[in-house]
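The following exercises are to be worked with the sequence and the model at hand. Each task is followed by a stepwise solution.

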Amino acid sequence: MNNIDLAALSDLDRPAHLRDLFAADPTRAERYVAEAGDLRIDWSKAAVDDSIMSSLLGLAASSGVEERRDAMFAGEHINLTEDRAVGHAALRMPRGSTFTIDGENVVPAVHEVLDAMGAFAQRVRSAGTIRHVVNIGIGGSDLGPAMAYRALRADRHPDIRCSFVSNVDGADIASVLADSDPASTLFIVASKTFGTIETLTNARTARDWLVAELGEAAVADHFVAVSTNAERVAEFGIDTDNMFGFWDWVGGRYSVDSAIGLSVMIAIGPDAFADFLAGFHLVDEHFRTAPLDRNVPVILAMIGVWYANGLGHDTKAVLPYAHDLARFPAYLQQLDMESNGKSVDLAGARVQNDTGPIVWGEPGTNGQHAFYQLLHQGTRIVPCDFIGFAHGNHEHQQHHDLLMSNLFAQSEALAFGRSNDAEPHRNFEGNRPNTVILAERLTPSVLGQLIALYEHIVHVQGTIWGIDSYDQWGVELGKELANQITPELIDEPQPDRHDSATNALIAWYRSHRA
Ligand code: F6P
């Protein structure tokens, strides 16, 4: 392998047009494909050739990708700014296995919580009194369960629905409460810290609503908490007997497989939730053991590094051809952008290269009728990940064939284009890179595999960029200022604290609010 450094990426020769790469190498579609668990990953239409791949894998090796991966699995404190281990892989380890953090095997504690969740979920599923589960959380305490609940539509209990309230905008909780019957509603207050203002505000509103309808005594049967902070849960007024715990070594955006997934477990049942975790574990094991040149998260991560630092592509589109994965791009936005949207390295110095991309996307075929024009003919190149399945989770085969033919067509059209010199507006230049991820069916296990794949891509890229993918200090300043401004909207304004534009906004709001 060819050893280069990150800065040298932009000096590498650009690969030929994808048309020429395929013409020159009839084996490309076979060689640039691998399996991880049940996922078939095809990067043959990525903008790379053998020489670039060799440089990228050399860079991965020389940047310590294997060492940092091993450090994560060894429970070392690789989250340096928070001095914490990064243990989400422990959440999906089989019973009886070992994952040591701070001298303790955490797997028994993980399964103790899973067992408690399983018993609770089973009770809710069979008792017949709860018909509506409302998860109140935000960020990692919302996006993961909301995405997975939607994705696993086909596996859900037929008589229990879940809603997800996250936004502090009262419209969110108001619309859910308007559609809830207090006697048959269970609220799950999900917050790692139990200090997040949006979640606590929504939870208080929900609590007041329930107490007004059913009285204080009903809280015990209609509220549970998921948190790492028992003290704050008790302070809020939820008995800690009704709390499911997790640990500070689980990052919020890496927590859907912890007790944060309780709503999903109630919806799909403990056995299917175990399949979900087993799916994560399959890909964890692939990532932990496969050599770099067959390690799919490493390969895809390095291709992403090439796009960011070699070719200067700023964004990446994730395009699931599965309506049930409609929230997957939003989920990945937090996973990727909160992890790798950083500009200082682990030593506190300003990074010299671009870091994480802007992640966005919508399910196919809807996106085709909105933004694909730019993907095909715009001046900016947007690398795309297509995700599709052999079977739909419904009985409408004709729809599924149409859906998948669109996925294949888009991938082909982007890569190869179609020349039309006579009519430039009809010219498709092609050479627009994309990756295709396929699996038999969107099952709980396959969903776990997909999430783990992206988690590890983010991890590897964070290693290459030398940043802490597991902190999120960038969200703090806005929170702090909002906390200062809230009383100024109601009581006395404090103009000395702000710039003139912010003072004008506050003054406008105060006068109109009145
Ligand atoms: O957005 C910042 C953040 O800290 C996320 O990392 C986290 O997922 C979210 O807020 C919610 O935090 P909590 O689960 O502690 O309420």
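**Exercise 1: Backbone outliers**

D83 is exposed, because its relative accessible area is 53% (exposed means over 50%, buried under 20%, partly exposed in between, with a 1.4 Å probe and protein chains only). The model is predicted: local features need pLDDT of at least 70, side-chain atom pairs count only at pLDDT 80 or more, and totals for chains, interfaces and linings use all residues. Residues are numbered from 1 along each chain as its sequence is written, and side-chain values use heavy atoms, with hydrogens and water left out.

Task: Determine where D83 lies and which sign its phi has, then treat N431 likewise.

Solution. Step 1: D83 lies in the loop between α4 (65-73) and β3 (100-101) (helices, H or I, of at least four residues and strands, E, of at least two are DSSP runs numbered from the N terminus). Step 2: Although D83 is not a glycine, its phi is positive, at about 50 degrees. Step 3: N431 also has a positive phi, near 60 degrees, and is not a glycine. This residue belongs to the loop between α16 (397-416) and β13 (434-439). Because its relative accessibility is 27%, N431 counts as partly exposed. Step 4: For context, most residues other than glycine have a negative phi, and most peptide bonds are trans.

**Exercise 2: The loop between β11 and α15**

Task: Characterise the peptide bond from G364 to T365 and decide whether Q368 is buried or exposed.

Solution. Step 1: The bond from G364 to T365 is cis, with omega near 5 degrees. T365 is found in the loop between β11 and α15. Step 2: Q368 lies in the loop between β11 (358-360) and α15 (372-377). Q368 counts as buried because its relative accessibility is 16%. Step 3: The side chains of Q368 and N406 are joined by a polar contact of 2.9 Å (a pair of N or O atoms within 3.5 Å; within protein, one must be able to donate a hydrogen and the other to accept it, and residues adjacent in sequence count only if both atoms are side-chain atoms).

**Exercise 3: The ligand site**

Task: State how many residues surround the ligand and which distances separate S141, T193 and T196 from ligand oxygen atoms.

Solution. Step 1: The ligand is surrounded by 13 residues (each with a heavy atom within 4 Å); S141, S191, T193, T196 and E338 are the closest. Step 2: A polar side-chain atom of S141 lies 2.6 Å from a ligand oxygen atom. For T193 the corresponding distance is 2.6 Å, and for T196 it is 2.5 Å.
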